[in-house]
Amino acid sequence: MGDLHPSTTPNGDNEQKPIPITILTGFLGAGKTTLILNLLPQLRALNPNYTLALLKNEFGDLAVDSQLASSSSISSVKELLNGCICCNLVGSLSSALKELRETARPDRVIIETSGSAFPATLAMEVNRLVRETGGREWVLDGVVSVIDVENWGGYEDVSFTARLQARYTDLVVLNKWEGVGERRVEEVVDRLGDLEVETARVRSDRGRVEVGVLLGLDSSLAAGLVEGEGGNGEGEHEHDHGHRNEVEVLSVELKGTQKGKGVDAGKLMGLLGKAPKDEVYRIKAVLTVGGEGEVKNSDEDVPVTKSQSGRYILNWAFGRWTFTAMGGGVKEHESSGESVLRMTVVLARYESTKWKRKLEAGGLLELEGDERGELVVRKIN
């Protein structure tokens, strides 16, 4: 599972060991971030000084999960915005990892990829860094893929990319299975079997997997992967240009002139409750809720912790959502700035034009009170 207690040399000095890297993949809203947040208390129970760093990419131009993770005491978070980490951002991986190593000195790095990013390319890059440093700085621990059992349509729906994603996966985590019944779980397992790839799988407990199962995989499928492997030329070309077009992304900003004003909570809750999950895959936002408004989680049995500043992080996926109070000690990322609301909306293909018009028409995202505010909606890709 990796070193939870730093080893020492015979002289008693801390021995510098390679930092294990876990690659975590899965489609939008599968529950990757929740899985990570549930790891931290387990690691801290084993070693109170354990440090976990998160490196992730995000569709759009808003850093949300880094602020969410910081609020949950993950040691260091670095977010690469508006791109696919396995394609145009893979060249940034070396410098990002170097920065994390120098500033956070983590015991482990988790690379979380958004959408249907292709893990083999990342594994190749990590293996290249391992070779370049003689195995002294990094080691690839494993590739984990998270599947949303309730909403997953099977690998045939996302073509070649996801098939190779499964081929280089060490562990499949079946998530969000509790409310769908055993028949649906069996259907998903059957679809996994269609690939004829023997991959270990485990069910999560509402987004929690035992740390000893999730970490320390000693990757057997991807550890030896080098550039030039991972598929034939035709398939790699499809990956390079195809999977980034599986979704469309809108960047939304709502501004006001009166300090302390928040969003109209009632209208926002209406949007969250009515957004169809076959059109809208993911909504992430940083926003202010003023004194006149109240927001609730989709699971009303889970109360929203009151934010003293009025700032919240919204995470919506396939009809379920949570509001997390922005911690007072957390520095807000420059991407959300001073706006009342900054939001990223990830949509199915061909849906962005319609949803851009819907949002711009008004009635969904507005300021509380009489001020209308300024709403800007831009298509990112």
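Helices and strands here are DSSP runs, a helix having at least four residues and a strand at least two, numbered from the N terminus. The model is predicted.

**Whole chain**

Start with the entire protein chain, coloured by secondary structure. It contains 10 helices and 13 strands. Of its 381 residues, 52% count as buried. Switch to a surface view: the accessible surface comes to about 17,300 Å², and carbon and sulfur atoms account for 45% of that area. Among contacts in the chain with a separation of 6 or more, 81% are between residues 24 or more positions apart.

**The largest pocket**

Next, select Thr34, Lys176, Arg206, Arg320 and Thr322. These residues lie nearest the centre of the largest pocket, which has a volume of about 1,100 Å³. The full lining runs to 35 residues.

Now add the elements around the pocket. Helix H1 (32-46) and helix H2 (65-71) each give at least two residues to the lining. So do three strands: S9 (280-288), S10 (311-317) and S11 (320-325). Which element supplies the largest share of this lining? Strand S11 does, with 6 residues. Colour the lining by residue class and it divides into 10 nonpolar, 15 polar and 10 charged residues.

**Arginine 311**

Stay with strand S10 and select arginine 311, which has its place in that strand. Is arginine 311 buried or exposed? Its relative accessibility is 9%, so it counts as buried, the cut-off for buried being under 20%. Show side chains and add threonine 288: a polar contact of 2.7 Å joins the side chains of arginine 311 and threonine 288.

**The cavities**

Hide the pocket and turn to enclosed space. How many cavities of 30 Å³ or more does the structure hold? There are 3.

For the largest cavity, select Leu271, Ala275, Val280, Ile283, Met343, Val345, Trp355 and Leu359, the residues that line it. Strand S9, strand S12 (341-348) and helix H10 (352-360) are the elements that give two or more residues to this lining. Strand S9 thus appears again, having also supplied at least two residues to the lining of the largest pocket. The volume of the largest cavity is about 50 Å³. Its lining has 8 nonpolar residues, with no polar and no charged ones.

For the second largest cavity, select Thr22, Leu24, Leu35, Ile36, Leu39, Ile110, Val144 and Leu214. About 40 Å³ of space lies within it. Strand S1 (19-25) and helix H1 each supply at least two lining residues, and H1 has the largest share, at 3 residues. By class, this lining has 7 nonpolar residues, 1 polar and no charged. Helix H1 is also among the elements that supply the lining of the largest pocket.

**Valine 139**

Finish at strand S5 (residues 138-148), where valine 139 is found. Its relative accessible area is 36%, so valine 139 is partly exposed. Display its neighbours: leaving aside residues up to four places away in sequence, valine 139 touches Pro18, Ile19, Pro20, Ile21 and Val130. For a last distance, pick the C-alpha atoms of valine 139 and arginine 108. These two residues are 31 residues apart along the chain, and their C-alpha atoms are separated by 9.8 Å.

How values were computed. Residues are numbered from 1 along each chain as its sequence is written. This is a predicted model: local features need pLDDT of at least 70, side-chain atom pairs count only at pLDDT 80 or more; totals for chains, interfaces and linings use all residues. Side-chain values use heavy atoms; hydrogens and water are left out. Buried means under 20% relative accessible area, exposed over 50%, partly exposed in between (1.4 Å probe, protein chains only). Contact means heavy atoms within 4.5 Å. Accessible areas come from the Shrake-Rupley method with a 1.4 Å probe; for residues, only the protein chains shown count as cover. On a 1 Å grid over the protein atoms alone, a cavity is a set of points where a 1.4 Å probe fits but cannot get out, and a pocket is an open set with protein on both sides within 12 Å along at least five of seven lines; lining residues have an atom within 4 Å of a point. Grid points are joined across faces, edges and corners, and a volume is the space filled by probe spheres set on the points. Ala, Val, Leu, Ile, Met, Phe, Trp, Tyr, Cys and Pro count as nonpolar, Asp, Glu, Lys and Arg as charged, and the others, Gly among them, as polar. A polar contact is a pair of N or O atoms within 3.5 Å; within protein, one must be able to donate a hydrogen and the other to accept it, and residues adjacent in sequence count only if both atoms are side-chain atoms.
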